[in-house]
Structures are given as structure tokens and as C-alpha cells.
Amino acid sequence: MKNNIIGIQQIGIGIPDAYKAWAFYRKAFGMDVPIFEESAEANLMLPYTGGQPQSRTAVLAMNLQGGSGMEIWQYTSRKTEPANFEIQLGDLGIYITKIKSPDVAKAYETIKAKGITTLGELNIGPDGEKHFFVKDEWNNIFQVVKSNSWFTSGKHTTGGINGCVLGVKDVNKSFHFYKTLFGYDKVVYDVTESFSDLNALAGGKSRCRRMLLRKTKENSGPFSKLLGASEIELIQVLDREPKKIFEGRFWGDMGFIHLCFDVRNMNQIKAECEKTGHPFTVDSASKFENGKFDMGEAAGHFSYIEDPDGTLIEFVETHKIPILKKLGWYLDVTKRHPEKTLPDWMLKTLALNRKKD
């Protein structure tokens, strides 16, 4: 299945005000190119929305310098609920979203100058690289990390999403999951101690096992150059019992709601997931003809599974995206070679849809 995973497409962020949050993410991280903006009813996520369809507004935004996107997601049929406890390092689920930068020290100074909240100072991680943490006003935490994987150069000191930090119960079990199904086979580090570079985080002084994963094989596929390389960091806290971040809440409530991979050959992915004991819990094929959902500006086939700790993983096989919305130019991805990247000029045309402040 690894050959069918093009890369991390986006991470979903549950927010009480999607457009206010998008303005913040444009300011902080240059996430200024919308792939879609849509208001509709989420009627397939019933296992995770209390058994009832829920209305929502969503924006998928990207930074065209490279990296994955953010699906900024807001309930319109109910109040977006925060966790009723302080989420700490090692709690189960997506605790931190990683943002890529070509120059972390410069990004730190730029973000500080904009008056954006940072947690702690510029730090050095177990890989010997600089990093720092940013917190938005909804208590979501982002880690700015070094990356050499870029699509274009530009004015922003960061690119898009580079991966995430996951709280897990068992690092070995989670490593097997992300290696087997997603190809994260390279262990950059695997260390157990209390880490000074995490001290500024809630629970950051706990003793934990920390494993950083990357891929040895480059991604291929239509959007692989834009999405670029990524990493997943697993953290198992050892001196307390972790809580599940979304315990008692809905998908779409406040926080990082899912990790989404851009894929091809959904039928093969379904078979592989069933074989490894992680069957689809949601599949758009159950409702839409040929599995295809249409969001007006984008279309495709999506599905969900759960990782060993119940964290939601989404697969999206993209069929259509807007290249130049003003002229009604949409790209039918199904007519492109599944293993070839889209031409650079075509992807760069997405910049014509840029949201300017």
C-alpha cells in the first residue's frame, strides 16, 4: 500500500470560527491559497458525530512554497466543544502539528515580531535541529521544524504542514502501523528520557519515549512535489496515564481532528487496511456513485480508519481540483498518469486563487 500513499494532504483543525482562524494561519504560516471553501452537511461521519448529520463550514488552505494543507473546519449546527481537561504531551491523538521552514531561527524572529504567541524559546531537538512551538488562540500547538523539501521559494519564512506529533500508548505498536500502511520506515531517533526542549509544553517535563519517523522512499503521484516529504513523531508518556484527546467529544470539535493522506487506488488501500485489522469506518462509496463526493470546487473519494489509539486517519483520492476558479478551470486528476507529478506551472497557477489580506 505504501506506493499508493502520495503524502500528507492536510490535517483537519476543529475551530469555532473558521475564517478568523484562517486569517491567523495566513499571518502566521502563509496558508493563503484556498483549494476549496464550502458549507454543507457532513452526513457520512455519523460514527463520530453522535449518530446525526452535522452542518459545517470548511476551508482547505495551503502554502504553495510546499507542504501539506490545513482543513479548517467549523460546526454551524452546534457549538464547537473544547476538551474539558488540559491536554498534555503524550495524550492520545494529534497533539502538535509540524510546520516546515527553510530557516527556523529566521522564522522564530519573524513570528515573534508579528506578536504571535510562542511557547518557550528556540530549542534543539534530539535530531540536533532547531525548532520552536507556536500556540494559536484556540490552544492548538504548532512546531516549526527544519525542512529541505520545497516546491517553490517565496516571501514566507515557513511553508505548510510537515507532519505531526502523536500521543500513543505503545510506540512499538504505532511504529508498526505507520511503517506498514504508510511507509514511515526510517527511525531518525528513538530516545527515552525527560526532554528539556519540551519543557514549555503542558506535561512537557514528563519522562517519555520519543520516536521520529520519516520515509526512505520518495513519494510519487500528481501532488507529490507540492506536498513534499513529511515526518511523524510518536510520544509515549511513561509517568502518567494518558487521556484520549477527543474522549467524549465529536470529530470536528476543537483541536486537530484527523490526519489526511492523499492517495491513489482506494480499493487496494481498503483491502490492505482490512488485512491489517484496520477496516474503513467511513467510506464515501457507501453513499456516492463510484465513491465520489463532490464539494463543488473539489471532488474525490474519501474514507477513514483509526490508528491503534483511535486517532482518525483520512484517505482522499482526489478526482478534481480548481486550478483557476475565476475562469472555471478545474483539473480532472483521473485523466493524469497516477505516478507522474503534475507540471510545476500548473500547480503554480493555484497562486492565482490566493487570498490577500
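Begin with the whole chain, coloured by burial: in this predicted model, buried residues account for 59% of the 357 residues. The solvent-facing side of the chain amounts to about 14600 Å² of exposed area, of which carbon and sulfur atoms supply 46%.

Next, keep the full chain in view and display the C-alpha atoms alone. Along the principal axes they fill a box of roughly 50 × 45 × 40 Å. The radius of gyration is 19 Å, which agrees with a compact globule, because a chain of 357 residues would then be expected to have a value near 21 Å.

Switch to a cartoon representation. The chain contains six helices and 18 strands. Of the contacts between residues at least 6 apart in sequence, 72% join residues at least 24 apart.

Now select Tyr-25, Phe-29, Tyr-178, Phe-182, Phe-261 and Phe-315. These residues have the most contacts inside the largest nonpolar core, which comprises 56 residues. Add residues 18-29: this is helix 1, and it provides seven residues of the core, the largest share. A second, separate core has 44 residues, among them Tyr-48, Phe-223, Leu-227 and Val-316. In soluble globular proteins, nonpolar side chains tend to be buried together.

Centre the view on Tyr-178. Beyond its neighbours within four places in sequence, Tyr-178 is in contact with Leu-166, Gly-183, Tyr-184, Leu-213, Ile-232, Leu-234, Leu-259, Asp-307 and Ile-313.

Finally, select the charged side chains. There are 47 positive and 44 negative ones, and the centres of the two sets are 4 Å apart.

Technical notes
Residues numbered from 1 in each chain as written. Predicted model: local features only at pLDDT ≥ 70, side-chain atom pairs only at ≥ 80, totals over all residues. Heavy atoms only, no water. Core = buried A, V, L, I, M, F, W, Y, C linked by side-chain atoms within 4.5 Å. Buried < 20%, exposed > 50% of the residue type's maximum accessible area, 1.4 Å probe, protein only. Helix = DSSP H or I, 4+ residues; strand = E, 2+ residues; numbered from the N terminus. Contact = heavy atoms within 4.5 Å. Rg over C-alpha atoms; globule rule 2.2 N^0.38 Å. Areas by Shrake-Rupley, 256 points an atom, 1.4 Å probe, with all protein chains shown as cover. Lys, Arg positive; Asp, Glu negative; His and termini not counted. Charge placed at Lys NZ, Arg CZ, Asp CG, Glu CD.
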